[in-house]
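User: Can you walk me through the strands and the core of this one? I'd like short answers with the reasoning shown.

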Amino acid sequence: MSYLLPHLHTGYSVDQAILSEEDRVVIIRFGHDWDQTCMQMDEILATTADQLKNFAVIYLVDLTEIPDFNTMYELYDPCTVMFFFRNKHIMIDLGTGNNNKINWAMNNKQEFIDIVEVVYRGARKGRGLVVSPKDSAALQLQQVQQEEALPVAPGLARHPQGIRAGLHPPQTQLSVYASHLYSTYHGDDTMKGKGIQKVVLKAEHIAQQGSSWWTRPSHADW
């Protein structure tokens with residue numbers, strides 16, 4: 001879907017896109033058109049561009065063609081989406097511990113639109129940091145479950161018997177346990193900023209160690 005969106009081909013054109021737009025949020029996807037994560041994100045960007053056109057404009061930048069911003073914005077992920085308004089980088093608290101950007105592919109158009117609307121309203125009020133309308137750490141877990149076609153209901157994470165009895169494949173075990181860990185620690189002040197990626201890594205570690213799936217790890221384990 002990247003062919004439906006405008007590309008910027010020089011560092012100067014990126015600067016001008018950010019500088020020249022006075023009334024709308026500038027959304028820039030840094031990555032590669034051929035990358036699978038970017039392709040998924042580009043589909044969301046392309047299908048929402050028309051709905052967002054009154055308060056946001058979207059551009060794509062190839063990291064290989066324009067490496068000028070890689071160090072400045074720490075563009076080390078396959079796909080990165082950043083927001084700018086009147087030559088100012090707008091940060092957004094997504095509940096992942098990284099307020100600078102979205103560095104995963106979203107799969108829900110309305111949730112992306114909601115995020116852009118929050119960015120726009122906050123930026124118009126002069127805020128440099130806005131808060132996402134929904135905890136995106138939870139969104140990432142939800143997306144993992146959807147991509148694996150795992151219908152993990154909230155109550156499932158409370159029933160270890162299904163896991164121990166081998167009623168679910170390993171991927172389901174991991175997703176259910178990640179859900180269990182996230183629900184256990186969500187809202188715990190000591191876990192703020194850890195993000196779902198940390199949770200999943202912890203779940204993988206416990207699986208590799210052969211530990212009990214349902215042993216609640218101490219904070220020192222993180």
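Here are a few questions and answers on the strands and the core.

Analyst: Quick ground rules: this is a predicted model, where local features need pLDDT of at least 70, side-chain atom pairs count only at pLDDT 80 or more, and totals for chains, interfaces and linings use all residues. Residues are numbered from 1 along each chain as its sequence is written, and side-chain values use heavy atoms, with hydrogens and water left out.

User: Which side chains of strand β5 are buried?

Analyst: Strands are DSSP runs of E, at least two residues, numbered from the N terminus; buried means under 20% relative accessible area with a 1.4 Å probe, protein chains only. In a regular strand, side chains alternate between the two faces of the sheet. Along β5 (residues 89-93), His89, Met91 and Asp93 point to one face and are not buried, while the buried ones on the other face are Ile90 and Ile92.

User: In which sense do β5 and strand β6 pair?

Analyst: Pairing takes at least two DSSP bridges between two strands. β5 and β6 (residues 129-131) have three bridges, and methionine 91 has leucine 129 as its bridge partner in β6. The sense is parallel.

User: Which residues have the most contacts inside the largest nonpolar core?

Analyst: Such a core is a set of buried Ala, Val, Leu, Ile, Met, Phe, Trp, Tyr and Cys residues joined through side-chain atoms within 4.5 Å. The largest has 32 residues, with its largest share, seven residues, coming from α3. The residues with the most contacts inside this core are Ile27, Phe83 and Phe112.

Definitions and conventions
Buried means under 20% relative accessible area, exposed over 50%, partly exposed in between (1.4 Å probe, protein chains only). Helices (H or I, at least four residues) and strands (E, at least two) are DSSP runs, numbered from the N terminus.
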